[in-house]
Amino acid sequence: MCAKPVKKEPRQVETTGHQWDGIEELNNPLPRWWVWVFYATIVWGIGYTVAYPAWPLITAATPGLLGASTRADVAAEIARVDAANAEIKAKLVAADLNAIEADADLATYAERAGSAVFRTNCTTCHGSGAAGFEGKGYPNLLDDDWLWGGTMEDIYLTITNGIRNTTDPEARYSEMPKFGVDELLDETQIGQVTEYVLGLSGQDNDAAMATDGAVIFAENCAACHMANGSGDRTQGAPALNDAIWLYGGTREAITETIYKARFGVMPNWNARLTEDEIRAVTFYVHSRGGGE
Amino acid sequence: MTQQDDDQPSLYAAREPIFPRRVKGTFRTLKWWLLGLMLGIYYITPWLRWDRGPSLPDQAVLLDLANRRFFFFMIEIWPHEFYFVAGLLIMAGLGLFLFTSAAGRVWCGYACPQTVWTDLFILVERWIEGDRNARLRLHRQAWSAEKIRKRTIKWTVWFLIGLATGGAWVFYFTDAPTLLRDLVTLQAHPAAYITMLILTLTTFAFGGFAREQICIYACPWPRIQAAMMDEDTITVGYRDWRGEPRGKLGTEGAGDCIDCMACVNVCPMGIDIRNGQQLACITCGLCIDACNDVMDKIGKPRDLIGYLALTDEVRERAGQPPKNVWAHVFRVRTVLYTVLWAGVGVGLVVALFMRSPIDVNVTPVRNPTFVTLSDGSIRNAYDLRLRNMDGEDARFTIAVTSDAIVVLSLEGADGLTVTVPANETMSQRVYLTAAPGTRAAVEDRTDVRIWVEEQGTTNRVYHDTIFNGKED
C-alpha cells in the first residue's frame, strides 16, 4: 500500500503514495508552525493544571502553585466593597433619620442597601413587593395604615426591637384579650360587638345588634381601639374604621379575632442586622409609598 | 523512525522565506499614499479634541467603557443606543461585500492592517538590510557581527513600531494626554500596559515573521470572499495568450513574457501570478508595476499582467477589446450591495436625528398590582427611569392623562417636578390613586398615559400603561 511517494507533473500536488482503488491521497502539508502552536497549547495546558486548581484528590482538588481560589476572590471582593462603603455607612449611622432623603448620595445608597436587606430578611413575611399577606396578619408596608406608626423613627424602632418577641425586652408589646377563649364575653355579646365593628368601617350590619354592641365596645374595646375605632399606635391597636384589615374584615374573620385574639410577632432585628443595615431598610420601607 | 517511515513525504512544511524586491509604479505609489493616510488616521485620531462642555470628556473619538459611553465628534452613543454601533458594523460588512464583488480582494491588498503593517515592516527591513539580493545573502550567511548588528537594529525598530501600535490603541479608550503621562510615569492601569504588550508582540510577530501566513492560514476572510466574486469581478490576471510561450527576449515564436521573474520577486505573498488566480493572491498590484517596468524596458506593450475580469479574458482571446471597467462594476450584485449599504446608512442617520434628547422608561410595579389605602382608595405605582442626555441639569414635569380620574403623586417629592443631573439616569417612583368607588378603582384595567415634559423646552414624551383596579 505504501509505495514510494510520487512527485507529479509541475503544478500538480504531491501525493503521500497512499492509494485505494485508484483514489490517491494528496499531500498539502500543514505549516510547521501550526504544529508547534498545537504542541504549545499542550504545554500550556499542563502548565495551567500546575498553576491553577485542577486535579481532583479525595477531599479537594490540587491547589495550584499560584494559590488561585474563587472563594478567596469572592471574600476579597466582599471585603473590597465593604471597605469602599465604609465611609457612606458611617455617614448613614451618624445621619439624622429624616435628613437622609435630602442627601442624594446617602438616599441612593440607603435605598439600594435597604432593598438588599429587605429581600434577604423581610420578604418571608412581608412579601418581595412589601405588600404583606392580606388577611393573614402580615402587614402591607405599602399602604398608609400603620400599626405602630409610619414615621422614620417609628419604623426604625419597630425594626430594631421587633414586636412581641421574647428576645428583646425593648420590643413593642401589647396583648388583646381572648374575649371568647377566656370567656370574657359570651357568644351573643361577641356577635353584637362584631356587628358594631362592621359598622365602624361602613360595612353592612345588623343595626339592632350593633346598638347593643356599641355598649360592649365602649366597655371592652375603646380603651385600645378608641371610641371611634381609630386605633392607637402607641399600643399597636389597629384602626377599625378604615378599609384595611390585618386578619380580614369579614363578619367571620372579625368574630374569630374577637373570640381568640391575635398576636402578631416580629423579631428584633438589632440581633441580626448592623445599625447601618437597619437604617437602610428603614429608609427603604419608608419610601415604598406609605411613609409618613 | 523506521526505514519505511523515512520514505514518507513530510506532512508539515516549513515556511518558505519571502524577500520581496523593491518596486516602483502606479500601484506601489497608491499603496504608499494609502499607508500614510491610514496610519495617520490611526495615530492622530485619539489626539483630536472636541469641546463638549465641562462635565464631558473633550476627546473627539472615545470609547469610554468605564462610563459606558461612546463619543464620536458631535455624536454621543449611550448603551441603549448600541444599535448605532451594530448598524455601523453592518455597513462595514456590506461595504466589504461591495468592494470585493467589484474589485476582488482590494481590502486585502491595500487597506488591511496586516498588509499595511507588513508593508511598513518590509520598508524598515529594506532600509536596514538592503534590497532582495542583499537580504537573501544575509539570510544565507552564517551568524556574524554584521548579521547580528543588522538583525538587532531591525528587530528593535520593529518592536518600537509594535509599541507605537499598541500604544495608540489604548488611547482610544481613555483621555489620551492623561494616559500618555501616566504611561510614561508608570502610573497607568495595568490593563493599559497588558493591552499594549499584547498588541506590541502580535504586531511584531505578525508584521515581522508571520506575514503572508496570516493571510493564507489564519484569516477566514479570503475563504469567504470567494463567495462574493464572480466572472465580472476585477482581479489581477496574467494575459497568458499574450505572454506564452515564455522565452528569452528575441527567441523565435516566444510570447511577450521573458520569464524574468520580476513579478514573482516583488510579490509579498511569494506566489507566481502566471499560474492564474489563486487563494494566496491579495491583488495588491505590485506584480503589475514590476511587469510594466520590464515591458517598458523591452519595448513591449504594458499590462501583460493587469487588472482584468474573467469575462475580459474570453473577449481578449477572441481578439475583442475588453469591456469598460464601469461595465464590470455596475451589475446586479454590486447595485444590490450598494442599495443595502446606503439603506442602513440612511436609516442610521434618520435614527440619529430623530432620537429624543430625553429618554423615559415606565415600568408598572406589578408586585403588588395595586395597594388599598385606609380610605379605600386604590393606588398603583410606576417606576420611571428618566435619562438626561444633556450636558446640563434638566427639570422634568410629570403628568397623567386618562379617561378615568386618577391623581398623580411622586415618591419623596411634594410637587410633580424632578431634577435629573446632567448626563445621569434617575429612577423616580410615581403613584396614581383612584378614589374609592370611582371607575378606575373598580374596573380591572384602565388605560393611562404618563407624560414627561422637560421644563423650558418643547421636549415631551409619553408612555402608555395600565391602571389596575380592585375587582369586587
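## A walk through chains A and B

Select chain A to start: its radius of gyration is 36 Å, whereas a compact globule of 292 residues would come in near 19 Å. (That radius is taken over C-alpha atoms, and the globule rule is 2.2 Å times the number of residues to the power 0.38.) Before you go on, note that this is a predicted model, in which local features need pLDDT of at least 70 and side-chain atom pairs count only at pLDDT 80 or more, while totals for chains, interfaces and linings use all residues. Residues are numbered from 1 along each chain as its sequence is written, chains are lettered from A and ligands numbered from 1 in the order in which they are written.

**Stop 1: chain A as a whole**

Turn chain A along its principal axes and its C-alpha atoms fill a box of roughly 120 × 55 × 40 Å. Colour it by domain next: domain 1 covers 1-54, domain 2 covers 84-171 + 266-286, and domain 3 covers 187-260. These bounds come from an automatic or database domain assignment. The C-alpha centres of domain 1 and domain 2 of chain A are 69 Å apart.

Switch to cartoon and you'll find ten helices and three strands in chain A. Helices here are DSSP runs of H or I with at least four residues, strands are runs of E with at least two, and both are numbered from the N terminus. Following chain A from that end, you pass β-β-β-α-α-α-α-α-α-α-α-α-α.

How much of chain A counts as buried? The figure is 27% of its 292 residues. Buried means 20 or more other C-beta atoms within 10 Å of a residue's own, exposed means 12 or fewer, and partly exposed is in between, with C-beta atoms placed from the backbone.

**Stop 2: where B meets A**

Now show both chains. 25 residues of chain B are in contact with 29 residues of chain A; contact means that the C-beta atoms, placed from the backbone, lie within 7 Å. On the chain B side, strand 1 (12-13), helix 10 (212-218), strand 8 (371-372) and strand 9 (378-388) each supply at least two of the touching residues. Colour that side by class and you get eleven nonpolar, nine polar and five charged residues. For that colouring, Ala, Val, Leu, Ile, Met, Phe, Trp, Tyr, Cys and Pro are nonpolar, Asp, Glu, Lys and Arg are charged, and the others, Gly among them, are polar.

Zoom in on strand 3 (residues 30-31) of chain A: two bridges join it to strand 1 of chain B, and the two run parallel. Strands pair if DSSP finds at least two bridges between them. Pick A:Pro31 and look across to B:Ala13, which stands opposite in strand 1 of chain B.

**Stop 3: a four-stranded sheet in chain B**

Select strands 12, 10, 14 and 15 of chain B, in that order, for an open sheet with antiparallel pairing. Strand 12 (417-420) and strand 15 (460-468) are at the edges with a single partner each, so one side of each has no neighbour in the sheet. The twist averages 30° from one strand to the next, with axes fitted as lines to C-alpha atoms (for helices over the stretch in contact) and angles running from 0 to 180 degrees between N-to-C directions.

Which residue is the bridge partner of B:Phe396 in strand 12 of chain B? Look for B:Val418. In strand 14 of chain B, B:Phe396 has B:Glu454 as its bridge partner. Strand 10 (residues 394-402) has four bridges to strand 12 and seven to strand 14. Strand 14 (residues 445-454) in turn has nine bridges to strand 15, where B:His463 stands opposite B:Ile450.

**Stop 4: one buried residue, one exposed**

Jump to B:Leu432 in strand 13 (residues 425-434) of chain B. B:Leu432 counts as buried because it has 25 C-beta neighbours inside 10 Å. Leaving out residues up to four places away in sequence, B:Leu432 touches eight listed partners, including B:Arg379, B:Val400 and B:Phe467.

Then try B:Asp296, in helix 14 (residues 286-298) of chain B. With 12 C-beta neighbours inside 10 Å, B:Asp296 counts as exposed. Its C-alpha atom is 12 Å from that of B:Cys257, 39 residues apart along the chain.

**Last stop: a three-stranded sheet**

Finish on strands 2-3-4 of chain B, an open sheet with antiparallel pairing. Strand 2 (61-64) and strand 4 (75-77) are its edges, each pairing on one side only. Four bridges join strand 2 to strand 3 (residues 69-72), with B:Leu63 partnered by B:Phe70.

Key. Two residues are in contact if their C-beta atoms, placed from the backbone, lie within 7 Å.
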